[in-house]
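The following paragraphs lead the reader through selected side-chain and helix contacts. Please keep the structure in view while reading.

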Amino acid sequence: MLDGNSFLEIAAVLSLATLLGIVGQRLRQPLLIMFLATGILAGPSWLGIIQSYHEIELLAHMGIALLLFIVGLKLDLGLIRTTGPVALATGLGQIVFTSAIGFLIALALDIPPVDAAYVAVALTFSSTIIIVKLLSDKKEIDSLHGQIAIGFLIVQDIAAILALVALTTFGSPIAAGQSAWTGSLLIAAKGLGLLAFAALMTRYVLPGLALRLAYSQELLILFAIAWAVCLGAGGEWLGFSKEVGAFLAGVSLASTDYRDAIGARLTSLRDFLLLFFFIDLGARLEWTMVGSQVGAAGLFSVFVLVGNPLIVLAIMGFMGYRRRTAFLAGLTVAQISEFSLIVAALGLSIGHIAPETMGLITLVGVVTIFVSTYMILYSGSLYHLLSKPLKVFERRTPFRECAVDSLEGAPQLDVILVGLGTYGRGIAECLLRRRKTLLGVDFDPQVLRTWRSRGVPVLYGDMTDPELHEHLPLNKARWVVSTVRSRHLDLELLHHLRDRGVEAKVAVSAANEAEADLFKQEGAHVVFRPFADAAEQAADALTRSMEMLPKNIDWPIAFQEIRIRSGASAAGKTIKDIPLRSQTGVSVLAVSRAGRVLYEPGPDFQVYPGDRLVVMGPPDELQEAEAMLDQPVEDLDGERTDRFEINEIRIGENSELGGRTLAELQFRQKYEATVIGIIRGGQRITALRTTERLQPGDGLVVIGAAEAVKGLKGMEPL
């Protein structure tokens, strides 16, 4: 069609892939599906664009080798250890059960045993690339189910590599005159030699070489690609596949400090070259053969989409996880992966399977990847629909997630803090400095371990999950605070708390003013504006910094700017009441407040939270001065002096207050509380005037410090 011009062919194919990629993006589908569709359309069955199969096949092999290289480069066995036995148990259990059941189904469909074995193996692998992308887009990569899923996907990747090694080993031809035993021993010796070579290079050569090359990132990346291709070529020369050699090349560089930099720079190249693998695969599909596999492909697709998640549900439920965590993790194995297609393509190339089997596996891959993408994207809605039937997979006590730290001895909880990330961590630290009791809620297991080690009660969970509310002491909490900056999640939280009739006040975080207004309309009592508040503080700090901080000179004196925190003991005091100079020898030169600079403040100058003090003194004493200014306020006898309370105080029938106005009584001065309303019979008087006369039997709605209101309540009726 293009007169054998390879460059024009590739240009046409890439243009077609781009157009289909745009369609896939609108459908929220992984590009893998659209690349297969590109190959199908560009192949001989449709448009017939592709003629230069050799060139595209070469690029495809390079893409697969680079994929395996990056898998080896990022192989994180530590993640399997941190997710505990569940990663190994779920990963290995899913592989065993899926392959066994898939093999039996294939035999029942009269598929030859060797082809059935390939189909069974292909059904066990799930796409790490697709799952990581989807979980990252949903911000669930650090959640418990996300970490477990990544853990058992790594187990699957290792199993896939072993499968590739086994296939290339058994697929290697035996030389004339050699026995099977001799051939097997020779292959084993070659494999051990390749491993020994990679180990020696990893131990003695690669770390130093990478350090020298790291001065030029371009040279480091070029070396990484060359190393991957060379070891891949060596693996193929020894009778293994080039993919196995590239994987070993990645593993050998995984111990260096540059693995992340190399992986980040090569990811785009990997994705580009993998495009040609899927295009080549789609172009080579024989649709006359694929058509006869539609029934079998439908059966296997249902097994992968339903059976694989059920296997994970059963294993994780038995291990003591809640059905929600198990279900969300199980959805990540509801598709077959690019590794499945690579294994099948390798089996086809060495003559183990027929083209019909290759078409069957490809068709299952297209269907399962397409459907499972939507299953993962809408996992929350899907769980709400199936939560009741899924109870059969949950133990009576899911002990791995019900280990809430005991709150006994705390009659009241100040804050339930949802989200312990960067912003939430800062709020938690400040609340603890103010001696507030709090319960943290987060879905990052590592974050929870950190806080639990400090003795702070924490709970794994997602506050939008209604079942989590049953485990939370909402009746003890004064505030429920969310630092999760997600409009959808915060709105769900507000709705859940409102529907349950929770009396605690609610605070959420907004990204902008429009969100803040929306949250207030939905019932939020306080709305944080992290970006706006941080921007204002940054502007205040920068406004006069050049004027406040003088240039350094060669003199044993130093300058420092110290911000007064709202919970610091220095807040509210005058400069003469802060023993800064007498104890540390440090002097206050200026104070920055709301963008204005006040120079040489006098001894009666009062310091407020948020002020920035420019201090001068010996360098060794500045740190001690900062610690003094940052010292938290100590609560006296454990009393709460910063809490307001609203209550109703009844006036007696014969009270001397009857007939007198609020102005005459000087109520606020006498009782240290303010009357904000009167309940008289069935009437509520909210617009009070100082001339309003009280009547016997009135109920005064008062607000004031907790101790003052408590004292008034004890005098009731007045």
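The model shown here is predicted. A convenient place to begin is F197, which counts as partly exposed because its relative accessibility is 39%, a value between the limits of 20% and 50%. Its aromatic partner is taken up next.

Six aromatic pairs are found when the whole structure is searched. One of them joins F197 to W227: the ring centres are 6.2 Å apart and the planes meet at 40°, so this pair is classed as tilted. The two residues belong to distant parts of the chain, F197 to helix α9 (residues 180-213) and W227 to helix α10 (residues 217-237), with their positions 30 residues apart in sequence. In contrast to the partly exposed F197, W227 has a relative accessible area of 9% and is therefore buried, since the cut-off for burial is under 20%.

A further tilted pair is formed by F327 and Y383, with 5.9 Å from centre to centre and 45° between the ring planes. Because F327 is located in helix α15 (residues 323-330) and Y383 in helix α18 (residues 379-386), this pair ties together parts of the chain that are 56 residues apart in sequence. Both F327 and Y383 are buried.

Aromatic rings also meet charged side chains in this model. The charged end of R203 is placed over the ring of Y204, at 5.1 Å from the ring centre. Likewise, R395 lies over the face of F318, and here the distance to the ring centre is 5.1 Å.

Attention may now turn from side chains to the packing of helices. How do the axes of helix α3 (residues 53-73) and helix α12 (residues 259-284) cross? The two axes come within 7 Å of each other, at an angle of roughly 140°. This angle makes α3 oblique to α12, because the roughly antiparallel class is reserved for angles over 145 degrees. The crossing of α3 and α12 is left-handed. As for composition, the residues of the contact between α3 and α12 comprise 19 nonpolar, three polar and five charged residues.

The last site to consider is E716, in the segment that follows α29 (706-714). With a relative accessibility of 30%, E716 counts as partly exposed. The C-alpha atom of E716 is separated by 7.2 Å from that of I651, although the two residues are 65 residues apart along the chain.

Definitions and conventions
Residues are numbered from 1 along each chain as its sequence is written. This is a predicted model: local features need pLDDT of at least 70, side-chain atom pairs count only at pLDDT 80 or more; totals for chains, interfaces and linings use all residues. Side-chain values use heavy atoms; hydrogens and water are left out. Rings of Phe, Tyr and Trp (its six-membered ring) pair if their centres lie within 6.5 Å; planes under 30 degrees apart count as stacked, over 60 as edge-to-face and the rest as tilted. Helices (H or I, at least four residues) and strands (E, at least two) are DSSP runs, numbered from the N terminus. Buried means under 20% relative accessible area, exposed over 50%, partly exposed in between (1.4 Å probe, protein chains only). A charge sits over a ring if NZ of Lys or CZ of Arg is within 6 Å of the ring centre and within 35 degrees of the ring normal. Axes are lines fitted to C-alpha atoms, for helices over the stretch in contact, and angles run from 0 to 180 degrees between N-to-C directions. Angles under 35 degrees count as roughly parallel, over 145 as roughly antiparallel, 65 to 115 as roughly perpendicular and the rest as oblique. A crossing is left-handed if the near helix is turned anticlockwise from the far one by less than a right angle, and right-handed if clockwise. Ala, Val, Leu, Ile, Met, Phe, Trp, Tyr, Cys and Pro count as nonpolar, Asp, Glu, Lys and Arg as charged, and the others, Gly among them, as polar.
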